[in-house]
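Trainee: I would like to go through this chain step by step. Can we put it on screen and start with burial?

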Amino acid sequence: MRRIARALGLLGAVGLAAGLAQTHAAPAPVVQEVRVTLREWAVEPREITVRPGRVRFVVRNAGQRQHNLSILGPGQASDVKVTSDNVGAGATLTFEVDLPRAGTYLAYCDIEGHRDRGIEGRLVVGSASTAPARPGSPPAFPAPPPMPSRSYDR
Ligand SMILES: [Cu+2]
């Protein structure tokens with residue numbers, strides 16, 4: 001009898017933890033990594049899609065001149081404006097940005113004239129509902145029905 005009570009207690013604790021995980025829409029603590037290549041005069045890929053949260057950009061400069069990667073957005077709100085250090089020709093630089101808000105951001109080189117010449121792309125941060133479950137954590141409840149529509153389809 002005592003053993004059953006203890007087992008039930010454990011189940012209760014697991015259920016509580018699962019409930020907390022469900023109600024809090026905090027982004028998964030996994031840092032997403034995105035590889036970006038800069039050159040004269042383009043950023044590749046031209047459109048990047050990530051989940052909200054922390055994003056690590058691995059920026060490679062395949063061009064002849066210095067470039068950097070700047071992130072600006074979302075949209076007109078522009079809460080985020082960050083610029084990496086300049087990356088020399090042939091070099092690679094890594095930097096991380098917190099992007100908790102869904103929306104469309106600009107990804108470009110802010111060295112004078114470079115954006116106008118084509119080093120500009122789009123960074124789409126999708127809504128949290130599209131984030132896949134963390135690996136290793138079993139689903140606590142049956143999966144909810146799919147959302148009727150998404151406005152940011154690739
Ligand atoms: Cu540049």
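Trainee: What share of the 154 residues of the protein chain counts as buried?

Mentor: This is a predicted model, so the share is computed from predicted coordinates. A residue counts as buried if 20 or more other C-beta atoms lie within 10 Å of its own. Of the 154 residues in the protein chain, the buried share is 19%.

Trainee: How confident is the predictor, and over which stretches does pLDDT stay under 50?

Mentor: The average pLDDT of the protein chain is 80, and 64% of the residues score at least 70. Residues 136-141 have a pLDDT below 50, with three contacts in the model beyond near neighbours in sequence. Where pLDDT is low, predicted coordinates should not be read in detail. Another stretch under 50, with six contacts beyond four places in sequence, is residues 130-134.

Trainee: In what order do the elements of the protein chain run from the N terminus on?

Mentor: The protein chain has one helix and nine strands. The helix comes at the start of the run, and the strands follow. Written out, the order is α-β-β-β-β-β-β-β-β-β.

Trainee: What is the strand order of the open sheet of five strands?

Mentor: Start from β9 (residues 120-125), which is joined by four bridges to β3 (residues 47-50), the two running parallel. Six bridges join β9 to β8 (residues 103-108), and this pair is antiparallel. β8 is in turn joined to β5 by three bridges, also antiparallel. With mixed pairing, the order is β3-β9-β8-β5-β6.

Trainee: Which strands stand at the edges of this sheet, and how far are neighbouring strands turned against each other on average?

Mentor: β3 and β6 are the edge strands; each has a single partner strand, so one side of each has no neighbour in the sheet. Direction ignored, the average turn between neighbouring strands of this sheet is 20°.

Trainee: Which residues are the partners of Val50, Tyr105 and Leu72 across these strand pairs?

Mentor: For Val50, the bridge partner lies in β9 and is Val125. Tyr105 also faces a β9 residue, Leu123. For Leu72, the bridge partner lies in β8 and is Leu106.

Trainee: Which strands each supply at least two residues of the largest nonpolar core?

Mentor: Nonpolar side chains tend to be buried together in soluble globular proteins. Here the largest nonpolar core has 18 residues, and those with the most contacts inside it are Val36, Leu38, Val43, Val59, Leu69, Ala107 and Leu123. The strands that each supply at least two of its residues are β1, β4, β8 and β9.

Trainee: Which residues does Ala107 touch, leaving aside those up to four places away in sequence?

Mentor: Ala107 is among the core residues with the most contacts inside the core. Some of its contacts are with other residues named there, including Val43, Leu69 and Leu123. The full list is Val43, Ile48, Leu69, Ile71, Gly121, Arg122 and Leu123.

Trainee: What share of contacts between residues at least 6 apart in sequence joins residues at least 24 apart?

Mentor: One pair that is distant in sequence is Glu40 and Arg117, 77 residues apart but 8.1 Å apart in space, C-alpha to C-alpha. That pair is given by its C-alpha distance. For contacts in the protein chain between residues at least 6 apart, the share is 65%.

Trainee: Is Glu40 buried, exposed or partly exposed, and why?

Mentor: Glu40 is found in the loop between β1 and β2. Beyond four places in sequence, Glu40 touches Gly63, Gln64 and Arg65. Because it has 16 C-beta neighbours inside 10 Å, Glu40 is partly exposed.

Trainee: Where are the cis peptide bonds that involve Trp41 and Pro74?

Mentor: Trp41 is in the loop between β1 (32-39) and β2 (42-44), and its cis bond, with omega near -5°, comes from Glu40. Pro74 is in the loop between β5 (70-73) and β6 (80-83). Its cis bond, with omega about 0°, is to Gly73.

Trainee: Is Ser78 buried or exposed?

Mentor: Ser78 is found in the loop between β5 and β6. Its phi is near 50°, a positive value in a residue other than glycine. Since 12 other C-beta atoms lie within 10 Å, Ser78 is exposed.

Trainee: Is Arg51 buried or exposed?

Mentor: Arg51 is found in the loop between β3 and β4 (53-61). Its C-alpha is 8.0 Å from that of Gln32, 19 residues away in sequence. Because 20 other C-beta atoms lie within 10 Å, Arg51 is buried.

Definitions and conventions
Residues are numbered from 1 along each chain as its sequence is written. Two strands pair if DSSP finds at least two bridges between them. Axes are lines fitted to C-alpha atoms, for helices over the stretch in contact, and angles run from 0 to 180 degrees between N-to-C directions. Two residues are in contact if their C-beta atoms, placed from the backbone, lie within 7 Å. pLDDT is the predictor's confidence in each residue, from 0 to 100. A nonpolar core is a set of buried Ala, Val, Leu, Ile, Met, Phe, Trp, Tyr and Cys residues joined through C-beta atoms within 7 Å.
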